[in-house]
Amino acid sequence: MKQAVMTEAGAIEFHDVVKPVIKDNEVLLRVERIGICGTDIHVYHGKHPFTSFPVVQGHEFSATVVDVGSAVKSVRPHMRVTARPQLVCGRCGPCRRGDYHICDHLKVTGFQAPGCAQEYFVVSEDRIVKLADNLSFEQGAMIEPVAVAVHATSRATDLRGKNVVVCGAGTIGNFVAQAAKCRGAKSVLITDMSAYRLDKAKQCGVDVVCNLSEENFADKAKQVFSDEGFSIAFEAVGVEAALDNAVQQIQKGGQVIVVGVYGDRPKVDMSVVGDRELSLVGTLMYKHEDFEQAVAWLSSGKIVTDPLVTGHFDFKDYLEAYHYIEKQKDKTLKIMIDVH
């Protein structure tokens, strides 16, 4: 079978490798679609601190079940599925209390372990997530980033009736804004510097957008929320200025959920955090139930994905997909690799 290997920053080679053989508790998948995410792009640039070369990328994907091991009970051939990319130890403190997504020895396929950028891929049964019948393979490959948003919004206190700000209108920020609405948020304001991304947010039903290249955040928040203000903010950019906007402008007693990944260590005005009794909350990845909720919201139409898919490339053109992303910059959100 063909396997795409990123041998160094900016370089992908295709290798002919033996089709994998499954163990009793494993499932053999025929990979259909792979989504390229922002973290993959960090690897492409050689800037991911926890990924070394060579690496087989791919962690957002959909697939068809080809074969199952003798001990597998809940999965059968021809099912359409995706899977969690987490490899966990099951023995550390977080794993023992059920927080395996923050396992002390966490490895993620496509980064610290081989990913699905190949024609066939093996996954243990416990990581398999079935697609709803009405979901396409394209939507199936979006379940992973939607699950990030499902988990992030679960880290906030009850969102029902709350005014919410999302800093960053990339794929994750977009899905966080949609997930906040799914959880009953009263009004959601999303910010970005890109008119293109903000337009996509509007197409996905986000209530209000703020273009920070043209508008002042504090003024816009005042205009949208009036004296009521906002009590929940999600920082989905990984940029100090966005975090500072949230900390400085949120209501006293509010929550700032940090979703973004920071390349540089940000400064936080802790005097404001203390004086206003703010909560800074971290969020990482997801649990299995977050994947299942993502499937339910996608299947029901509560989460919209179509406007975010901005291109498809054949598997043989994997590297060209990265070149396209580089050229288009903020004019692209989710690129799909069509494996089969």
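## Close-ups of a predicted model

**Figure 1. The whole chain, held together by contacts between distant parts of the sequence.** In this predicted model, 69% of the contacts with a separation of 6 or more come from residues 24 or more positions apart. The protein has eleven helices along with 17 strands. Its radius of gyration is 20 Å, close to the 20 Å that the globule rule gives for 340 residues, so the protein is as compact as a globular protein of that length. Measure out the C-alpha trace along its principal axes and you get a span of about 60 × 45 × 35 Å. As for burial, 55% of the 340 residues count as buried.

**Figure 2. Helix α4 against helix α5.** Here α4 covers residues 143–154 and α5 covers residues 171–182. Their axes come within 8 Å and cross at roughly 50 degrees. An angle from 35 up to 65 degrees falls outside the parallel and perpendicular ranges, and α4 and α5 are therefore oblique to each other. The crossing is right-handed. On the α4 side, look for P145, V146, V148, A149, A152 and T153; they meet T171, I172, F175, V176, A179 and A180 of α5. Sort the residues of this contact by class and you have ten nonpolar, two polar and no charged.

**Figure 3. Helix α4 again, now against helix α10.** The partner this time is α10, residues 288–300. The two helices pack at an angle of about 110 degrees, and their axes are 8 Å apart. That makes α4 roughly perpendicular to α10, since angles of 65 to 115 degrees count that way. From α4, the contact uses I143, E144, V146, A147, V150 and H151. From α10 come D290, F291, Q293, A294, V295, W297 and L298. By class, this contact of α4 with α10 has nine nonpolar, two polar and two charged residues. V146 is worth finding in both views: it is listed in the contact with α5 and also in the contact with α10.

**Figure 4. N174 and its surroundings.** N174 sits in helix α5, the helix that crosses α4 in Figure 2. Is N174 buried or exposed? Its relative accessibility is 0%, and buried means under 20%, so N174 counts as buried. Leaving aside residues up to four places away in sequence, N174 touches G168, A169, I190, K200, A201, C204 and L308.

Note on methods
Residues are numbered from 1 along each chain as its sequence is written. This is a predicted model: local features need pLDDT of at least 70, side-chain atom pairs count only at pLDDT 80 or more; totals for chains, interfaces and linings use all residues. Side-chain values use heavy atoms; hydrogens and water are left out. Axes are lines fitted to C-alpha atoms, for helices over the stretch in contact, and angles run from 0 to 180 degrees between N-to-C directions. Helices (H or I, at least four residues) and strands (E, at least two) are DSSP runs, numbered from the N terminus. Angles under 35 degrees count as roughly parallel, over 145 as roughly antiparallel, 65 to 115 as roughly perpendicular and the rest as oblique. A crossing is left-handed if the near helix is turned anticlockwise from the far one by less than a right angle, and right-handed if clockwise. Contact means heavy atoms within 4.5 Å. Ala, Val, Leu, Ile, Met, Phe, Trp, Tyr, Cys and Pro count as nonpolar, Asp, Glu, Lys and Arg as charged, and the others, Gly among them, as polar. Buried means under 20% relative accessible area, exposed over 50%, partly exposed in between (1.4 Å probe, protein chains only). The radius of gyration is taken over C-alpha atoms; the globule rule is 2.2 Å times the number of residues to the power 0.38.
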